[in-house]
Each structure stands twice: as C-alpha cells, then as structure tokens.
Amino acid sequence: MWDYETIFSDNQKLETENTTSGNILDVGPKDIAPGEPVVLQISLDRGGDSALTVTVESAGDAAMSDAVDRVVYLVDAERVRAGGVVLAAPLPSGCGRFLRLKYTGGVGATVVAGLVQAAQTSGMRR
C-alpha cells in the first residue's frame, strides 16, 4: 500500500542513464529505522534494457545540497527486463532526514519506488 508521502517515484520513466527520483522524502528529524524496519520497495514495468543501480542519498536539507550516498542496490538486467517487484530491502538506520533515490541504468523502464512498513513481495522474482 503506497502513501504519497512515502513515494520516491510514481510511474517515473527512466529516460536517461542517470536520473534522480521525482520526489524527495522528508522522514523527519528522528532516525528512520528505530524499532520496526522501513523497507525500500521498487517495482518496474517491463521495458528496461540494462541493469539498474539504485543509490539512496540523504541530506540535511530538501535541496539535497549536502547529499551523501547511504546504500547502493543493484538489480540485474534479467530482473529489470522481467519487471514486477525487483527490490524490497530494509533501509539502514541513520539515513538522515531528507532522502532521494539516484537511478543509474534501467533506461526505458518505468519505476514505482517508495517506503513501506513491510515488504510487498507478490510478483517478486527471485
């Protein structure tokens, strides 16, 4: 179940090799992952032509002027071409207040990405 306040990308087409998410999330001044883990979930339609690297960036301001890479995930080309839920991974604690995603590769795919309290794994290819 998606909540607009937790969506990085809502049917965002990956048109270039390097793209950032359409939304920057303000997760508040507290640590994002105390207690119940928060999961980054990414779904793709079929259509991407290459592997996709997803980098979670954080910053102290909404302009992302001091952005730092926090964690990097790799989705292989086979999964990108197959589509569906391609990633469901907990965010590490201490990510910071403002978050965005940086996409490298996966050109041609359309992405829905956001934070969920528990992973939605239906349709996930293993």
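**Exercise 1. Locate Gln12, decide whether it is buried or exposed, and list what its side chain meets.**

Step 1. Gln12 lies in strand S1, where strands are DSSP runs of E with at least two residues, numbered from the N terminus. This is a predicted model, in which local features need pLDDT of at least 70, side-chain atom pairs count only at pLDDT 80 or more, and totals for chains, interfaces and linings use all residues. Residues are numbered from 1 along each chain as its sequence is written, and side-chain values use heavy atoms, with hydrogens and water left out.

Step 2. With a relative accessible area of 15%, Gln12 is buried, because buried means under 20% relative accessible area, exposed means over 50%, and partly exposed lies in between (1.4 Å probe, protein chains only).

Step 3. The side chain of Gln12 makes a polar contact with the side chain of Ser9 at 2.7 Å; a polar contact is a pair of N or O atoms within 3.5 Å, where within protein one must be able to donate a hydrogen and the other to accept it, and residues adjacent in sequence count only if both atoms are side-chain atoms.

Step 4. Leaving aside residues up to four places away in sequence, Gln12 touches several residues, among them Thr19, Tyr103 and Val111, contact meaning heavy atoms within 4.5 Å.

**Exercise 2. Describe the sheet to which strand S1 belongs.**

Step 1. The open sheet has four strands in the order S1-S9-S4-S7, with antiparallel pairing; two strands pair if DSSP finds at least two bridges between them.

Step 2. Strand S1 (7–13) and S7 are the edge strands, and each pairs on one side only.

Step 3. From one strand to the next, the twist averages 15°, with axes taken as lines fitted to C-alpha atoms and angles running from 0 to 180 degrees between N-to-C directions.

Step 4. S1 and strand S9 (residues 110–116) run antiparallel and are joined by four bridges, and Ser9 stands opposite Ala113 in S9.

**Exercise 3. Examine the positive phi values of Asn11 and Met64.**

Step 1. Most residues other than glycine have a negative phi.

Step 2. Asn11, which is found in strand S1, has a phi near 55°, and this residue is exposed, with a relative accessible area of 54%.

Step 3. Met64, whose place is in the loop between S5 and S6, has a positive phi of about 60°, yet Met64 counts as buried at 5% relative accessibility.

**Exercise 4. Trace salt bridges through the chain and find those that share a partner.**

Step 1. A search of the whole structure finds four salt bridges, each being a side-chain nitrogen of Lys or Arg within 4 Å of a carboxyl oxygen of Asp or Glu.

Step 2. In one of them, Arg97 pairs with Asp26, the closest N and O atoms being 2.8 Å apart. Arg97 is in the loop between strand S7 (84–90) and strand S8 (98–105), whereas Asp26 is in strand S3 (residues 25–26), 71 residues apart.

Step 3. Glu57 and Lys102 meet in a salt bridge at 3.5 Å, N to O, linking strand S5 (residues 52–59) with strand S8. Glu57 is buried at 6%, while Lys102 counts as partly exposed at 27% relative accessibility.

Step 4. Lys102 also meets Asp69 in a salt bridge at 3.7 Å, N to O. Salt bridges that share partners join Glu57, Asp69, Arg100 and Lys102 into one network.
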